[in-house]
Amino acid sequence: MSTATYTVKGMTCGHCVSSVKEEVGEVAGVTGVEVDLTSGLLTVESADPVDKGRIVAAVEAAGYEVAHQS
């Protein structure tokens, strides 16, 4: 099991959270997605590490920006 966290900028409501969860959840290999609106924290779970670029692209497709990954 692999877990990666990212900070997403620009989310302001529950719809924003849903959009990010939906897009990131469709990335191949992702098994779980949690998004915290207050902190902007995006937690991605997968069986094996998922390429950061694929997660960033999914967040951007939802209309938001990844500030940084930890």
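Which residues does Met 11 touch, not counting residues up to four places away in sequence? The views below start there and then move around this predicted model.

**View 1. Met 11 and its neighbours.** Beyond the four places on either side in sequence, Met 11 touches Cys 16, Val 17, Val 20, Val 35, Asp 36, Leu 37, Gly 40 and Tyr 64. Met 11 also belongs to the largest nonpolar core, a set of 22 residues. Met 11 is among the residues with the most contacts inside that core, along with Val 20, Val 24, Leu 42, Ile 55, Val 59 and Tyr 64. Two or more residues come to this core from each of β1, α1, β2, β3 and α2.

**View 2. Helix α1 and its two sides.** Helix α1 takes in residues 14–25, and its end C-alpha atoms lie 16 Å apart, which agrees with the 16 Å that 12 residues should span at 1.5 Å a residue. Look for Cys 16, Val 17, Ser 19, Val 20 and Val 24, the buried residues of α1. These residues sit on the same side of the helix because they cover an arc of only 160° around the axis. Their cover includes β2 (30–36), β3 (41–46) and α2 (52–61). Turn to the other side of α1 and you will meet His 15 and Glu 22, which are exposed.

**View 3. Ser 2 and Ala 47 in contact.** Ser 2 is found in strand β1, residues 2–9, while Ala 47 has its place in the loop between β3 and α2. With a relative accessible area of 17%, Ser 2 is buried. Leaving out residues up to four places away in sequence, Ser 2 touches Val 44, Glu 45, Ser 46, Ala 47, Asp 48 and Pro 49. By the same count, Ala 47 touches Met 1, Ser 2, Gly 29 and Thr 31. To place the loop against another part of the chain, find Val 66: its C-alpha atom and that of Ala 47 are separated by 22 Å, with the two positions 19 residues apart along the chain.

**View 4. The salt bridge of Glu 65 and Lys 9.** Side chains of opposite charge can pair when their charged atoms come close. A search of the whole structure finds one salt bridge, and Glu 65 forms it with Lys 9, the closest N and O atoms being 3.8 Å apart. Glu 65 lies in strand β4 (residues 65–69) and Lys 9 in strand β1, so the pair ties together parts that are 56 residues apart in sequence. Glu 65 is partly exposed at 41% relative accessibility, and Lys 9 is partly exposed too, with a relative accessible area of 42%.

Notes:
Residues are numbered from 1 along each chain as its sequence is written. This is a predicted model: local features need pLDDT of at least 70, side-chain atom pairs count only at pLDDT 80 or more; totals for chains, interfaces and linings use all residues. Side-chain values use heavy atoms; hydrogens and water are left out. Helices (H or I, at least four residues) and strands (E, at least two) are DSSP runs, numbered from the N terminus. The expected span of a helix is 1.5 Å times one less than its number of residues. Buried means under 20% relative accessible area, exposed over 50%, partly exposed in between (1.4 Å probe, protein chains only). The arc is that of the directions from the helix axis to the C-beta atoms. Contact means heavy atoms within 4.5 Å. A nonpolar core is a set of buried Ala, Val, Leu, Ile, Met, Phe, Trp, Tyr and Cys residues joined through side-chain atoms within 4.5 Å. A salt bridge is a side-chain nitrogen of Lys or Arg within 4 Å of a carboxyl oxygen of Asp or Glu.
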